[in-house]
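Colleague: Could you show me how to read salt bridges and side-chain exposure in a model like this one?
Modeller: Happily, let's bring it up and work through the pairs together.

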Amino acid sequence: PNGCARPYMAELAFVGDGAKTYQVWLGGSPVLTRTAWPFMARMDRDKLEETMEPILGMFIEQRMEFEAFGDFCHRVGAEKIEEYAKTYVPGSVKA
């Protein structure tokens, strides 16, 4: 079901918070049993790829077999994702 709480339950959500900016929420449960947490308070829409590529690259490299994206983010947490993003080389991970 969709509603005003839906973004906060999603594995990945972009919540508009101003002109051309979004909050990034990560870690919700794929079966809607856990809320997501705010990963980034304000992301300019022009930074979408720059912001998400390291997160998705880390998921590709480090997820457990059959692990959903939200479960992965919940398991590793914001601090590990931020650390990974600092050293990520764009284009270095292939799906």
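Modeller: Keep in mind that this is a predicted model. Let's begin with Asp-71, which is partly exposed because its relative accessibility is 27%, between the 20% and 50% cut-offs.

Colleague: Which side chain meets Asp-71 in a salt bridge?

Modeller: That would be Arg-34, with an N to O distance of 2.8 Å. Asp-71 belongs to helix H3 (residues 69–87), while Arg-34 sits in the loop between strand E2 (21–26) and E3, so the bridge ties together parts that are 37 residues apart in sequence.

Colleague: How many salt bridges does a search of the whole structure find?

Modeller: Four salt bridges turn up. Among them is the one between Arg-42 and Asp-17, at 3.4 Å from N to O. Here, too, distant parts of the chain are linked: Arg-42 is in strand E3 (residues 37–44) and Asp-17 in strand E1 (residues 12–18), 25 residues apart.

Colleague: Is Arg-42 buried or exposed?

Modeller: Arg-42 counts as exposed because its relative accessibility is 54%, and exposed means over 50%. Its partner Asp-17 has 25% and is therefore partly exposed.

Colleague: And which residue does Glu-67 pair with?

Modeller: Glu-67 forms a salt bridge with Arg-75, at 2.9 Å from N to O. Try the accessibility reading on this pair as well. Glu-67 has 9% relative accessibility, so Glu-67 counts as buried, the cut-off being under 20%. Arg-75, with a relative accessible area of 38%, is partly exposed.

Note on methods. Residues numbered from 1 in each chain as written. Predicted model: local features only at pLDDT ≥ 70, side-chain atom pairs only at ≥ 80, totals over all residues. Heavy atoms only, no water. Helix = DSSP H or I, 4+ residues; strand = E, 2+ residues; numbered from the N terminus. Buried < 20%, exposed > 50% of the residue type's maximum accessible area, 1.4 Å probe, protein only.
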